[in-house]
Amino acid sequence: MNWFNITGLVAAFFTTTSFLPQAVKTIRSKDTSAISMYMYIMFTFGTLMWLIYGIEIHNIPVSVANGITLILATVILFFKVNQTFNKKKME
């Protein structure tokens with residue numbers, strides 16, 4: 001394993017695990033009122049594009065990091081969309 005792969009894996013570890021606290025908090029509280037839905041839509045789509053890119057260039061750190069981040073971002077976005085639409089139904 002070369003230095004660039006190690007650097008990529010370290011970067012992937014820290015950027016991916018940075019989403020864990022938000023995902024856990026959102027799942028536990030089911031409160032997404034302070035989260036921008038449009039930001040998470042754009043972020044989730046961007047993460048999907050990075051995942052596809054990582055797969056296409058056969059880059060394991062990019063693929064793994066963005067695959068995990070995509071899952072976490074999708075969970076948060078799911079809760080945000082549900083909360084937004086449920087709130088509008090009650091109005």
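Is H58 buried or exposed? H58 is exposed, with a relative accessible area of 69%; exposed means over 50%, buried under 20%, and partly exposed in between, with a 1.4 Å probe and protein chains only.

This is a predicted model, in which local features need pLDDT of at least 70 and side-chain atom pairs count only at pLDDT 80 or more, while totals for chains, interfaces and linings use all residues. Residues are numbered from 1 along each chain as its sequence is written, and side-chain values use heavy atoms, with hydrogens and water left out.

**Overall layout**

The protein chain has 4 helices and 0 strands. Helices (H or I, at least four residues) and strands (E, at least two) are DSSP runs, numbered from the N terminus. The C-alpha atoms fill a box of roughly 55 × 25 × 15 Å along the principal axes. Of the 91 residues, 30% count as buried. About 6600 Å² of the protein chain is exposed, and carbon and sulfur atoms supply 72% of this area. Accessible areas come from the Shrake-Rupley method with a 1.4 Å probe; for residues, only the protein chains shown count as cover.

**Two residues in loops**

Neither residue in the table is a glycine.

| Residue | Phi | Place |
|---|---|---|
| K30 | about 60° | loop between α2 (20–29) and α3 (37–56) |
| H58 | about 60° | loop between α3 and α4 |

**How α1 and α4 pack**

The axes of α1 and α4 are 9 Å apart, at an angle of about 5°. Axes are lines fitted to C-alpha atoms, for helices over the stretch in contact, and angles run from 0 to 180 degrees between N-to-C directions. The two helices, α1 and α4, are therefore roughly parallel to each other; angles under 35 degrees count as roughly parallel, over 145 as roughly antiparallel, 65 to 115 as roughly perpendicular and the rest as oblique. On the α1 side, N5, G8, L9, A12 and T16 meet P61, A65, I68, T69 and L72 of α4. Contact means heavy atoms within 4.5 Å.

**The nonpolar patch**

A nonpolar patch on the surface has about 1200 Å² of accessible area, and its residues include W3, F4, L9 and I68. Patches are made of residues with over 30% relative accessible area and no salt bridge (a side-chain nitrogen of Lys or Arg within 4 Å of a carboxyl oxygen of Asp or Glu). Like charges are joined within 9 Å, and nonpolar side chains (Val, Leu, Ile, Met, Phe, Trp, Tyr) within 5 Å. Both α1 (3–17) and α4 (60–90) supply at least two residues each, and the largest share, 7 residues, comes from α1. F4 sits in helix α1 and is exposed, with a relative accessible area of 67%.
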